[in-house]
Amino acid sequence: MNLGSTLSFVRKDPEPLASPNVQVAWDPKRFASLRVGGVDYRPTKYPIVLLHGLFGYDKITFGPETNPFLQLHYWRGISEALQHLGCEVYVPSNGAVSSIRSRAYALDKFLSETLPNREINLVAHSMGGLDARYLISHINGHGSNRPYSINSLTTIATPHRGSSFMDFVQEVLGVGYVLDVQDPVVEELKQRRAKAEDVMVSHRMKNKYYVLKSVCSRFDKPAYANLTREYCDAFNAVTPNRSTVHYNSYAAVAKISRLDPLYISQRVITMREGPNDGLVSLDSAKWGDFEGIVPNVDHWGLLPPRSLKRRRDSIADEIENKKMAKSGGYCSLDFYMSVVDTLGAKGF
């Protein structure tokens, strides 16, 4: 497949809940000619490291390691699909609710031990993209001599500019104030507001929602504060892109049912930021080269369903089932293979 056919995959479409002429990164009509095993998609030249988001993990085991039916994978099916395509894939676990700084150092340790002297492509969902940016700018940058080299970072629904829903949670529940004291972004925050800690504590305990905040604040974790728009604004100020790394991004936009758990968060974000996937706005997800949006898919829908079979020979069956869906349904395997194909077309 040549570069021209790859670029034709990203078309212009005014449909999916965004302004006209917004790029669309995934099109269900492609199912008509979909192939698996490298016919339509090419693997990357360098290894892919898949990074999870908030509350993420590599896998959770409920029994013997040898029994795949007792395991729950964050990247369920996607890592297998990319390996089937011919990619070298790795899946680390960097802390479910730890700070961005802590998660980035965990990732640095994993890459140093697992992929020394290798060039790497990072593909991150949600908060994982912020972890990767911290790693690139604060740990892997500034002349540090790391045993690995990062060629590209692809972020998928990452809140680069924070999420107004996290602002809402902070205002109402009093969650999102605990900060990592070793985080260099905190110094930037202090410069932006006088007596940062005093302001945060007094704001948390305002009379409005006082009882609710008092209860919920006991469960506060550093990751929550790292997703507010205030924090991300400071984070971006001290975390510049590196010229040696290629950055590209994808976003999702969806209409969410009133019965869906993400309905309230989408309403909040729509009023404050505009089109979104239920947790991250379209504008917040854009970073580097914007490859387009995935239409009619919410934030968690970007990952496969939990019921996805894990056998390699089930990949074609899963895609065939999506072909037969009445709406032409979204297929996460197809989407991530297209993400990889785009990287491969760029020489990564």
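**Close-up 1. Asparagine 296 sits in the loop between β10 (289-295) and α13 (315-323).** The model shown is predicted. Phi of asparagine 296 is near 60°, a positive value in a residue that is not glycine. Most residues other than glycine have a negative phi. Asparagine 296 counts as exposed because its relative accessibility is 58%, and exposed means over 50%.

**Close-up 2. Asparagine 117 occupies the loop between α3 (100-114) and β7 (119-125).** Here too the backbone is the point of interest. Asparagine 117 is not a glycine, yet its phi is positive, at about 60°. With a relative accessibility of 72%, asparagine 117 counts as exposed.

**Close-up 3. The largest nonpolar core holds 36 residues.** Val49, Leu111, Leu122 and Leu135 touch the most other members of this core. Helix α4 (residues 128-139) gives the most to it, with six residues. Another core, of 30 residues, lies apart from this one. Val89, Ala252, Leu302 and Leu343 are among the residues of that other core.

**Close-up 4. Valine 49 and its contacts, leaving aside neighbours within four places in sequence.** Valine 49 is one of the four residues that touch the most other members of the largest nonpolar core. Its contacts include the leucines Leu107, Leu111, Leu115 and Leu122. Ile120 and Val123 are also in contact with valine 49. Tyr90, Pro92 and Asn121 complete the list of contacts. Of these partners, Leu111 and Leu122 also appear with Val49 among the core residues that touch the most other members.

Definitions and conventions: Residues are numbered from 1 along each chain as its sequence is written. This is a predicted model: local features need pLDDT of at least 70, side-chain atom pairs count only at pLDDT 80 or more; totals for chains, interfaces and linings use all residues. Side-chain values use heavy atoms; hydrogens and water are left out. A nonpolar core is a set of buried Ala, Val, Leu, Ile, Met, Phe, Trp, Tyr and Cys residues joined through side-chain atoms within 4.5 Å. Buried means under 20% relative accessible area, exposed over 50%, partly exposed in between (1.4 Å probe, protein chains only). Helices (H or I, at least four residues) and strands (E, at least two) are DSSP runs, numbered from the N terminus. Contact means heavy atoms within 4.5 Å.
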